[in-house]
Amino acid sequence: MSTPSPEAHKTWGGRFTGSTDARVEAFTESISFDRRLAPFDIQASQAHARMLAHVGLLTADEAKQITLALEQIGADIAAGRMVYSTALEDIHTHIEKALIDQLGDVGRKLHTARSRNDQVATDVKLWVRSSIDQLDQALVQLQHAFLGLAEREGKVILPGYTHLQRAQPVLAAHYLMAYLEKLERDRGRLADCRRRLNELPLGAAALAGTSLPIDREFTRQQLGFDRVAANSLDVSSDRDFLLEFVFSLSVISLHLAGWAEEWILWSTVEFSVLDLPDAFCTGSSMMPHKKNPDVLELIRGKSAKVLGCLHQLMVLVKGLPLAYNRDLQEDKPAAFAAFDTVLASVEIATGLVAGTKFRREAIAARLDNGFLDATTLMEALVKEGVPLRSAHETVGKLVRLCEERRCRLADLPPEAFEAARIGLSQRVYQVLGVEQALQAFCSDGSTAPEAVERQLASWRSRLGRVDEK
Ligand code: ARG
């Protein structure tokens, strides 16, 4: 036997004569963050060992020893018994080293027909898959919270805004279900990402495949991938799936940040639309009266990190030649941080939504401000045959008159409508006032009460809720 090289504990020590500079070890390690992949590394390695036995590169007994030992190593890691060292670089090497410590030469066979390049791609894909499943459940819970609020408070009439100016009336249920739609698209994006990424990388080896007679279809089945990735060079360099995942997370983050901003405003004295649950607000160390929406502010604030992670990943892959480059090791901190931030935000949002109430009296007391019925009046004129542009101008003038007189459109006397050449007499009064304006809506997908009822029924059935009416 030849004398062991100074770097014999490293998986690649053979061709080296001197030891690695400690600063290089510290600079190149990934164990500080990729230890999180341990369960997926164990799972993928077990599948790989079974495949090796299936094709005769391991005996059945060797594969059994390896899978059992890996099981034990996984349990040790979960129980905090693994001793980590930057000299071993990453989680893949730690697990392989532990296996070799236990099994000797049998352990030395596990890495047959495999590289850390296809191994890390496989582990990360398994992590993304399971993270998508976990986040999807959390998004469904948030949808339940919005739907629950829509069931409880849905008949409240709210001012709808564009440009943050009062525009037209909307039912609270209609408003809340807008977020159900956004969250549903978020779920769809995650599902698309999952479908596309669900291809087996293992077997691509370092970059070109292997001259050993492996059976990738066997490994695919073991790990529940839909397809075997077709091109080994692509596998070794591909991080599209992480970009897509973190983009999907970013959209969720943006949805939450916009919603958080809105509810921060709506919980102020100035808006007085919402009463946030005490358990999801914080106080001030100095001002005894304060109840602050810190949770919403942090959901909004943490979205910056998620967007930063997406940016980091996009810049990371920019300009990389094929195939694997060590830059790619830097993908994991960004993906982990983005996922953790979004999952925590979705989970805390769920509790906050579930405990929120609308300030019905304060909302109703100011509903007549801001001419929420003006557009419906204009449409009533259109129904009488007035050209849209003329009707628009006529109602605009009436609004100006109301502003001079400091009254609502419904308070104007019949003469005012006659003078504006609205010969509708009493009929105008049937659409004026916020309540009547709301009842006048009739289009599909609008805030019309029947349309909103249909939306509620559809969400109840899509979320598998028993009818709460
Ligand atoms: N720690 C590495 C990573 O996370 C594993 C792959 C290393 N491959 C290599 N050829 N050095 O990307």
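Me: What makes the shell residues around the ligand divide into nonpolar, polar and charged?

Reply: They divide into 2 nonpolar, 3 polar and 4 charged residues. The sorting goes by residue type: Ala, Val, Leu, Ile, Met, Phe, Trp, Tyr, Cys and Pro count as nonpolar, Asp, Glu, Lys and Arg as charged, and the others, Gly among them, as polar. By the way, this is a predicted model, where local features need pLDDT of at least 70, side-chain atom pairs count only at pLDDT 80 or more, and totals for chains, interfaces and linings use all residues. Numbering runs from 1 along each chain as its sequence is written, and side-chain values use heavy atoms, with hydrogens and water left out.

Me: Which residues are around the ligand?

Reply: S30, E89, D90, R116, N117, V120, Y324, Q329 and K332. To be near a molecule or strand, a residue needs one of its heavy atoms within 4 Å of it.

Me: And which helix gives the most to that shell?

Reply: Helix α6, residues 116-153, with 3 residues. Helices are DSSP runs of H or I with at least four residues, strands are E runs of at least two, and both are numbered from the N terminus. The protein has 18 helices and 6 strands.

Me: Why does K332 make a polar contact with the ligand?

Reply: A polar contact is a pair of N or O atoms within 3.5 Å (within protein, one must be able to donate a hydrogen and the other to accept it, and residues adjacent in sequence count only if both atoms are side-chain atoms). A polar side-chain atom of K332 lies 3.0 Å from an oxygen atom of the ligand, so the pair qualifies. Two more pairs involve a nitrogen atom of the ligand: a polar side-chain atom of S30 lies 3.2 Å from one, and for E89 the distance is 3.4 Å. Taken alone, the ligand exposes 340 Å², and the protein buries 86% of that. Such areas come from the Shrake-Rupley method with a 1.4 Å probe; for residues, only the protein chains shown count as cover.

Me: Why does E153 count as buried?

Reply: Buried means under 20% relative accessible area, exposed means over 50%, and partly exposed is in between (1.4 Å probe, protein chains only). E153 has 6% relative accessibility, so it counts as buried. E153 lies in helix α6.

Me: What is E153 in contact with?

Reply: Leaving aside neighbours within four places in sequence, E153 is in contact with A172, T356, K357, F358 and R360. Contact means heavy atoms within 4.5 Å.
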